[in-house]
Amino acid sequence: MRKTLRRPLSPEAAALITATHLTRRTLVRGALASGALAAAGGTLAACGTEGTKQTEASCVSEDTSSTDKKLAFSNWPQYMDVDEKDESKHPTLEAFQSKTGIQVTYTEDINDNDEFFGKVQNQLAACQSTGRDIIVLTDWMAGRMIRLGWMQKLEKAKLPNVEANLLRSLRARSFDKNDEYAVPWQSGMTGLAYNGNVTKEVRTVDELLTRADLKGKVTCLTEMRDTMGLLLLSNGHDPTNFTEAQFDDALEKLKKAVSSGQIRRFTGNDYATDLAKGDIAACIGWSGDVVQLTAEDEKIKFVVPEQGLMIWSDNMLIPNKAAHRSNAEELINYYYDPEVAAELAAYVNYICPVEGTREKIVAIDPELATNPLIFPDDATLDKTKVFMALDEAQEKSYSSKFQQAIGA
């Protein structure tokens, strides 16, 4: 299903997109309830038993790129441009292969961060090849993989486009402070959304959680980093660097909203359908979903809270024992050419992490160039925060507290 602003979506199509995007933002509560996470091996990761750590010295990778012109690229579904006449073809990948002679095996086999962790955990812990040269993981999972020493360090000299064009707001993130391992593929924002057909504007998290006319008509996200990031901001704390006491302070605010009945429930992407129908009035939500909803109903709005908002990315990484690091770096660099990035952005409709793309996309679709949820202005980006990288103990503790607070 193509994510585009140029074609209004039917309710059925919107539901399909919601279901697809649901997998990109991990829903641990539902997976645990069904036992699916355990079957995939993800429960081991969720419980904090991450596996054997590696170092550059303990796990040395050999690069055969000079003699073996190929690479294997694993990504999420619906996250690459597709030829409208032949959906088996990806125009930007086809162009890369023609330009470089590097043959790309492209697979959409990442459906959930924890599930994918379970797939590759044993190989990476044992310093064995996963058969993949590029994988795409969300910030927090990228941080976990880096912390475990399972990713190869990038050679920046081979990434001049990344060095020149990566958005300033996505540099020096807490889980990769020197920008040595992870390069954003696409990004999105977490903020507030409301349906103007059933309520007046909602400007702050405190309004969302306390305004009387919204009682019982509010949802928040099951993603701890998204919901708690906004609550930390609402209390004047920095989600990129906070203490346990500050986390607990923000959690108390959430608990009060739960006990008062202000929050109807905690959701994954299924809030989008309820918001479109007016079944809920306002919520914590993702910019990518609101792009689609606004295309059908302009009274559905995404709001940048006054205290700031969260930004997340799905990142390209090169795992240990990937045999084609230089080929992979060539592809990563290719996608940071603004012309290539524009073609991709016109298809996926997420925040493009590549500076200079807005000017290039005008020739493809001028409306996309003016959409602030795809190309946020500098003032908006300056208000974004990436959730602090957590160590194993913190991740277990904070997730447990949050799950208890939301009744999961």
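**Exercise 1. Cysteine 220**

Which cysteine sulfur is closest to the sulfur of cysteine 220, and why is there no bond between them?

Solution. The model is predicted.
- Step 1: find the closest cysteine sulfur, which is in cysteine 283.
- Step 2: read the distance, 8.4 Å.
- Step 3: compare it with the cut-off, since a disulfide needs sulfur atoms within 2.5 Å. At 8.4 Å the sulfur of cysteine 283 is too far for a bond.
- Step 4: check the surroundings. Cysteine 220 has 0% relative accessibility, so it counts as buried.

**Exercise 2. The disulfide**

Find which cysteines are joined by a disulfide, and say what the link ties together.

Solution.
- Step 1: recall the chemistry. A disulfide is a covalent bond between the sulfur atoms of two cysteines.
- Step 2: count. The model has 1 disulfide.
- Step 3: name the pair. Cysteine 59 is joined to cysteine 127, with 2.0 Å from S to S.
- Step 4: place both ends. Cysteine 59 lies in the loop between α4 and β1, and cysteine 127 in the loop between α6 and β3, so the pair ties together parts 68 residues apart in sequence.
- Step 5: get the handedness. The link of cysteine 59 and cysteine 127 turns 90 degrees about the S-S bond and is right-handed.
- Step 6: test burial against the cut-off of under 20%. Cysteine 59 has a relative accessible area of 4%, so it is buried. Cysteine 127, at 17%, is buried too.

**Exercise 3. Strand β7**

Describe the cover and the partners of strand β7 (residues 282-286).

Solution.
- Step 1: count buried residues. In β7 they are 5 of 5.
- Step 2: take each face. Ala282, Ile284 and Trp286 are buried on one side, and Cys283 and Gly285 on the other.
- Step 3: find the antiparallel partner. Strand β4 (residues 183-195) is joined to β7 by 5 bridges. Here alanine 193 stands opposite cysteine 283.
- Step 4: find the parallel partner. Strand β5 (residues 218-221) pairs with β7 over 2 bridges. Here threonine 219 has cysteine 283 as its bridge partner.

**Exercise 4. The second largest pocket**

Work out where the second largest pocket lies and what lines it.

Solution.
- Step 1: note its volume, about 370 Å³.
- Step 2: list the lining. There are 17 residues, and those nearest the centre are Val291, Thr294, Asn371, Pro372 and Leu373.
- Step 3: name the elements. α13 (287-296) and β8 (300-303) each give two or more residues to the lining.
- Step 4: sort by class. The lining has 11 nonpolar, 3 polar and 3 charged residues.
- Step 5: locate it. Domain 1 and domain 2 both give residues to the lining, so the pocket lies between them.
- Step 6: look at α13. This helix has 7 of its 10 residues buried, including Val291.

Definitions and conventions
Residues numbered from 1 in each chain as written. Predicted model: local features only at pLDDT ≥ 70, side-chain atom pairs only at ≥ 80, totals over all residues. Heavy atoms only, no water. Buried < 20%, exposed > 50% of the residue type's maximum accessible area, 1.4 Å probe, protein only. Helix = DSSP H or I, 4+ residues; strand = E, 2+ residues; numbered from the N terminus. Pairing = 2+ DSSP bridges. 1 Å grid on protein atoms, 1.4 Å probe; cavity = no way out; pocket = protein on both sides within 12 Å on 5 of 7 lines; lining within 4 Å. Points joined across faces, edges and corners; volume = space filled by probe spheres on them. Nonpolar A, V, L, I, M, F, W, Y, C, P; charged D, E, K, R; others polar. Domains from an automatic or database assignment.
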